[in-house]
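These notes are meant for a colleague who is meeting this structure for the first time. They go through it point by point, and they are best read with the sequence and the model side by side.

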Amino acid sequence: MILSGFLDTLGALVFLGGTLFLALGGLGLVRMPDVYNRIQAGTKATTLGTLLVLLGAALIAPAWSVKLLLIMLFLMFTNPLSSQVLARAAHRAGVAPVASKDALADDAEDLA
C-alpha cells in the first residue's frame, strides 16, 4: 500500500511536469517569430511534455504501462520526423527564416 501511494504521488508530479512542458510548447507556438522556430518549439517541448504525461499515467496505472510505452516509442519516432518534413516543406515553399543566414540554401548552392 505504501508503494502504491508513492507511485501515485510520483505519477502526479511527473504528469504535472508534462503538462507544464505542453503549456510552454503552446506558448512557444504563439510567441516564436517564424515557422521554423515554431516547429522546433512545437516539437521539442510537446514531445517531452507528452512523454512525461504518458509516464505519469503509467506510474498511476501500472496495468497500462506496456501500452503507454508503445505509444511513447511511436511518438519518439514520429514527432521528430514530422517536424523535419514540415521544415523541409516550408523551406521548399520559399518561407524565409528570420535569421540572417540560411544555411540550407548555402549548402544547396555549394552542391550546385
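1. A place to begin is the third helix and its neighbour: α2 is among the elements that cover the buried residues of α3. The residues of α3 that are buried are Leu68, Met72, Leu75, Asn79, Ser83 and Ala90. Please keep in mind throughout that this is a predicted model, and that every value below is computed from it.

2. For the overall layout, the protein chain holds 4 helices and 0 strands, and its pattern, read along the sequence, is α-α-α-α. Of the 112 residues in the protein chain, 23% are buried. If one takes the contacts between residues at least 6 apart in sequence, 69% of them join residues at least 24 apart.

3. Which residues make up the largest nonpolar core? This core has 6 residues in all, namely Leu51, Leu54, Ala58, Leu68, Met72 and Leu75, and the elements that give two or more residues to it are α2 (35-60) and α3 (65-92). As background, nonpolar side chains in soluble globular proteins tend to be buried together. Within the core, leucine 54 can be followed in more detail, since, when residues up to four places away in sequence are not counted, leucine 54 touches Leu68, Ile71, Met72 and Leu75.

4. A polar pair also deserves attention. Threonine 47 is placed in helix α2, and the side chains of threonine 47 and asparagine 79 are joined by a polar contact of 3.0 Å. Is threonine 47 buried or exposed? Its relative accessibility is 12%, and because buried means under 20%, threonine 47 counts as buried. Asparagine 79, its partner in this contact, is itself listed among the buried residues of α3.

5. The length of α3 can be checked against expectation. With 28 residues at 1.5 Å a residue, α3 should span 40 Å, and the C-alpha atoms at its ends are 40 Å apart, so the two values agree. After α3 comes glycine 94, which has a positive phi, near 90°.

6. Proline 80 lies within helix α3, and a reader may wish to look at its surroundings. The relative accessible area of proline 80 is 43%, and it is therefore partly exposed. Leaving aside neighbours within four places in sequence, proline 80 is in contact with Thr43 and Leu75, the latter being one of the core residues. Proline 80 and glutamine 40 are 40 residues apart in sequence, while their C-alpha atoms are 9.2 Å apart in space.

7. Further along α3, where arginine 88 has its place, another pair links separate parts of the sequence. Arginine 88 and tyrosine 36 are 52 residues apart in sequence and 9.5 Å apart in space, C-alpha to C-alpha. At 44% relative accessibility, arginine 88 counts as partly exposed.

8. Turning to α1 (residues 2-31), one may make a similar check of length. Its 30 residues, at 1.5 Å a residue, should span 44 Å, and its end C-alpha atoms are 43 Å apart, which agrees. The buried residues in α1 are Gly11, Val14, Gly18, Gly25 and Gly28, and what covers them includes α2.

9. Two residues of α1 illustrate how parts of the chain that are separated in sequence meet in space. Phenylalanine 15, which is found in helix α1, is in contact with Leu52, Val53, Gly56 and Ala57, if neighbours within four places in sequence are left aside. The C-alpha atoms of phenylalanine 15 and alanine 57 are separated by 6.9 Å, although the two residues are 42 residues apart along the chain. Phenylalanine 15 counts as partly exposed, at 34% relative accessibility. Alanine 23, also found in helix α1, has a C-alpha atom 8.5 Å from that of glycine 49, with their positions 26 residues apart along the chain, and at 48% relative accessibility alanine 23 counts as partly exposed.

10. A last point concerns the aromatic rings. How many aromatic pairs does the structure hold? The number is 0. One ring does, however, have a charge placed over it: the charged end of lysine 67 sits over the ring of tryptophan 64, at 5.4 Å from the centre of that ring.

Note on methods:
Residues numbered from 1 in each chain as written. Predicted model: local features only at pLDDT ≥ 70, side-chain atom pairs only at ≥ 80, totals over all residues. Heavy atoms only, no water. Core = buried A, V, L, I, M, F, W, Y, C linked by side-chain atoms within 4.5 Å. Buried < 20%, exposed > 50% of the residue type's maximum accessible area, 1.4 Å probe, protein only. Contact = heavy atoms within 4.5 Å. Polar contact = N/O pair within 3.5 Å; in protein donor to acceptor, adjacent residues only side chain to side chain. Expected span 1.5 Å × (residues − 1). Phe/Tyr/Trp six-rings, centres within 6.5 Å; stacked < 30°, edge-to-face > 60°. Lys NZ or Arg CZ within 6 Å of the ring centre and 35° of its normal.
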